[in-house]
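Q: I'm new to reading structures and would love a close look at one small part. Could you walk me through it in a friendly way?
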Amino acid sequence: MNSRIPLYVGGLLGPFGGGIVSAMLPELGRSFGVSEGAAATSLTAYLLPFALVMLVSGSLGERWGLARSIRFAYVGYVLAALLAVVAPWFWAFQVSRALQGVANAFTTPLLLAKLAAVTPKDRLGRALGTYGAMQAIGQTTAPLVGGLAAEGAWQWAFVGLAAVAAVLAVGPLPADEPDGERREPARLRDAWRSPVCWSAGSRSCPGHRWPVCRSWSRSASTTRSR
C-alpha cells in the first residue's frame, strides 16, 4: 500500500492543476488585461495538449521507462507551473498551461501502468478505484483552492502546484523491474478479470457470458490444474 501512495497523489495532481483556474478567471483577466472569456481559454490550453499527447505518451513512456518518464514529467510540471507564476504576458501564461497539460499527459497513463505493475491482480480493481477517487478529489477541490488563492494572489496556486510536483519528482517510485528481474508488461485489462469478474460472481458475469470472464475462467482453471 505504501508504495502506491505516491501514485495516488500523482493521480490527484493532474485534474487538480487542470481545474484550478476555473475560480480565478476574473483575477487572471485583470492581471493580463484580457476578458474573462479569454481567460477561460486557459482551460482549453491545458486540456487540448493533454488529450493529444495522451495518444502517444503511453508508448513513449514504455520505451523510455515508466519511472524515468514519470519523474521527467513531474520536473516539466514544476517548470511549467513556475512559468505561470512569472508570466508577464497572457500568451506566456497560455504556454505554461499547455506545458502543464503535456506533463499531465505523461503522468496520468504512466501512473496507471505503474499502479497495475505493482498491484497484485486480486487487488487491482480496488487500487484503480482509489486512483479514480483521488482524481475526482483533485477535480472537485481545485476550484475551491484556486478561489482561495485568488483572494490573495492567484500566483500562489501555481507555487503550490510546483511544490507538490517537486516533492513527487524526488519522492520514491516503485522500480520498473523489481529485484533486477524483467517482469511481464502490466496490463490494465487484468482489472476486469480477478477483482471484477471473479469476485462479482454470477451478478456481473452470469454463466461467464462476457468474453473477458471466459478468458479469466480458463486461465484460472489452468493455473489451478498446475
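Which side chains meet in a salt bridge, and what is the N to O distance?

A: Happy to help! This is a predicted model, where local features need pLDDT of at least 70 and side-chain atom pairs count only at pLDDT 80 or more, while totals for chains, interfaces and linings use all residues. Residues are numbered from 1 along each chain as its sequence is written, and side-chain values use heavy atoms, leaving out hydrogens and water.

The partners you asked about are R30 and E27, whose side chains meet at 3.7 Å, N to O. The structure holds one salt bridge (a side-chain nitrogen of Lys or Arg within 4 Å of a carboxyl oxygen of Asp or Glu). Side chains of opposite charge can pair when their charged atoms come close. Now find helix α2, residues 25-32: R30 and E27 both lie there (helices are DSSP runs of H or I, at least four residues, numbered from the N terminus). Along α2, R30 and E27 are three residues apart, about one turn of the helix.

For another kind of side-chain contact, look at the rings. The structure holds nine aromatic pairs (rings of Phe, Tyr or Trp, its six-membered ring, with centres within 6.5 Å; planes under 30 degrees apart are stacked, over 60 edge-to-face, the rest tilted). Among them, F93 and F158 sit edge-to-face, 5.7 Å centre to centre with 90° between the planes. F93 belongs to helix α5 and F158 to helix α7 (residues 155-170), so this pair ties together parts that are 65 residues apart in sequence.

Technical notes
Helix = DSSP H or I, 4+ residues; strand = E, 2+ residues; numbered from the N terminus.
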